[in-house]
Amino acid sequence: MVCARLDAPNKVFDTVLMGRERWELGKALGHTNSYPRLRTSVFSRTLTERPDPRVELVATDPWRKPGNSGRRTDTHLLDGLMRPLLLLDFDGPLNPHRAKEIPPGYSRHEIVEGTKTWQVLLNPRHGVELNSLAEVFDLVWATSWEHGANRLLGPRLGLPELPVIVWPSRTPVLRGSWKTPYVAEWVGDRPFVWVDDEVGRDDQAGFGDRQVVYAVDPGIGLGDADFATIRGYGYSFAGKEFRPHD
Ligand SMILES: [Mg+2]
C-alpha cells in the first residue's frame, strides 16, 4: 500500500487521479488530501464541491482530461495498488542477437540513423503482446538504446513512445548487471518485471517480493510462455486472478 509513503518525496510520478470512492476512503481517515506532495485530481460527476482547496475536482473521463495525452504511461492510476512496471531491455529479449539463425516469427531489419547502421531481428508478435501487457503494466524502456528505442525501435513494433531509463554509467560491476543500481533508483518501491538477457540472482537479490528480474535467453528472445508468465506476474501484483486464455 502507498499509505506509508504519503510524505515521501515523489521520485517516479507527480500526479494522482482517483475516483470518488477512493477519495472517500481517505476522507474517512481524516484526509481530504491524502497525497499532499502530489497533484491530485478527483474524478466525479456527483461531487459538486471541491473536496479540498488543493484537490482538483474533474467531471470528465480521466483519459480525456485536458493536458492528458491519453497515454497510460502519463499517469499512474492508484487503485489501492500502484500499476506495475514492465522494464524492457531490447537486445536479447526483443532482438535475439545470439540466435544462430533467424528464429521463426522474426525478420531481419536494418536500422539506420545518420552514419550508423544496426542489424536487428524483430518479431511483430512482440508488439502485439507488449501492447496487450500495457493493460496491466506501465511499459518502460530499460535498454542501452536509451531514447533511441523510442526513435528507432518502438515504431517498428507498433509501440507508443515509452518512458526511458537513462544510464549515467555503463561501467561493468563485480556482480550482476551494471544497470541494476539505476533500475533500483528508478523504480523505488513500485512492483515490476524487468526483462533482460544479462541479469541473474545477484540482480534479484536487492529487490522486493513483487519486483521480478526476469532473465531471457538472447538466442531465443521473448516467447509465448514468457509473455504468459509476465502477464501472470502483473495480475498477481494487482491482486487479480490470472486466466491464461483471457
Ligand atoms: Mg540485453
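Which residue just after α3 takes a positive phi? In this predicted model, the residue is G158, with a phi of about 75°. A similar note can be made at another helix end: just after α6, G239 takes a positive phi of about 75°. These two glycines offer a handy way into the fold, and the helices that precede them are taken up again below.

The protein has six helices and nine strands. Of its 246 residues, 30% are buried. Among contacts between residues at least 6 apart in sequence, 56% join residues at least 24 apart.

Strand β8, residues 192-196, is a good place to begin a walk through the interior. Five of its five residues are buried, and cover is found on both faces, with F192, W194 and D196 on one side and V193 and V195 on the other. In a regular strand, side chains alternate between the two faces of the sheet. β8 has parallel partners: four bridges join it to β4 (residues 85-88), and five bridges link it to β9 (residues 211-215). F192 of β8 serves as a reference point for both pairings, since L85 stands opposite F192 and F192 in turn stands opposite Q211 of β9.The loop between β4 and β5 (107-113) holds P93. Is this proline buried or exposed? P93 is buried, because 24 other C-beta atoms lie within 10 Å, and the cut-off for a buried residue is 20 or more. P93 and D196 of β8 are 103 residues apart in sequence, yet their C-alpha atoms are 6.1 Å apart in space. Leaving out residues up to four places away in sequence, P93 touches L88, V195, D196, D197, V216, G221 and L222.

Nonpolar side chains tend to be buried together in soluble globular proteins. Here the largest nonpolar core has 33 residues, of which L86, L87, L88, V193 and W194 touch the most other members. The elements giving two or more residues to this core are β4, β7, α3, α4 (180-187), β8, β9 and α6 (224-237). A second, separate core has five residues, among them V16, M18, V42 and V55. Back in β8, W194 is in contact with L87, A142, V183, V199, V212, V213 and Y214, leaving aside neighbours within four places in sequence.

Two of the helices that contribute to the largest core can be described further. In α3 (residues 148-157), the buried residues are A149, L153 and G154. Seen down the helix axis, the buried residues of α3 fall within an arc of 95°, so they line one face. An α-helix has 3.6 residues a turn, so residues three or four places apart point the same way. The cover over the buried residues of α3 includes β7 (138-141).

Helix α6 has 14 residues, which should span 20 Å at 1.5 Å a residue, and its end C-alpha atoms are 20 Å apart, in agreement. I230, R231, Y233, G234 and F237 are buried in α6. These residues fall within an arc of 155° when seen down the axis, so they too line one face of the helix. The face turned away from the buried side carries the exposed residues D224 and A225. What covers the buried residues of α6 includes β4, α2 (124-133), β8 and β9.

Methods:
Residues numbered from 1 in each chain as written. Predicted model: local features only at pLDDT ≥ 70, side-chain atom pairs only at ≥ 80, totals over all residues. Buried ≥ 20, exposed ≤ 12 C-beta atoms within 10 Å, placed from the backbone. Arc of directions from axis to C-beta. Contact = placed C-beta atoms within 7 Å. Pairing = 2+ DSSP bridges. Core = buried A, V, L, I, M, F, W, Y, C linked by C-beta atoms within 7 Å. Expected span 1.5 Å × (residues − 1).
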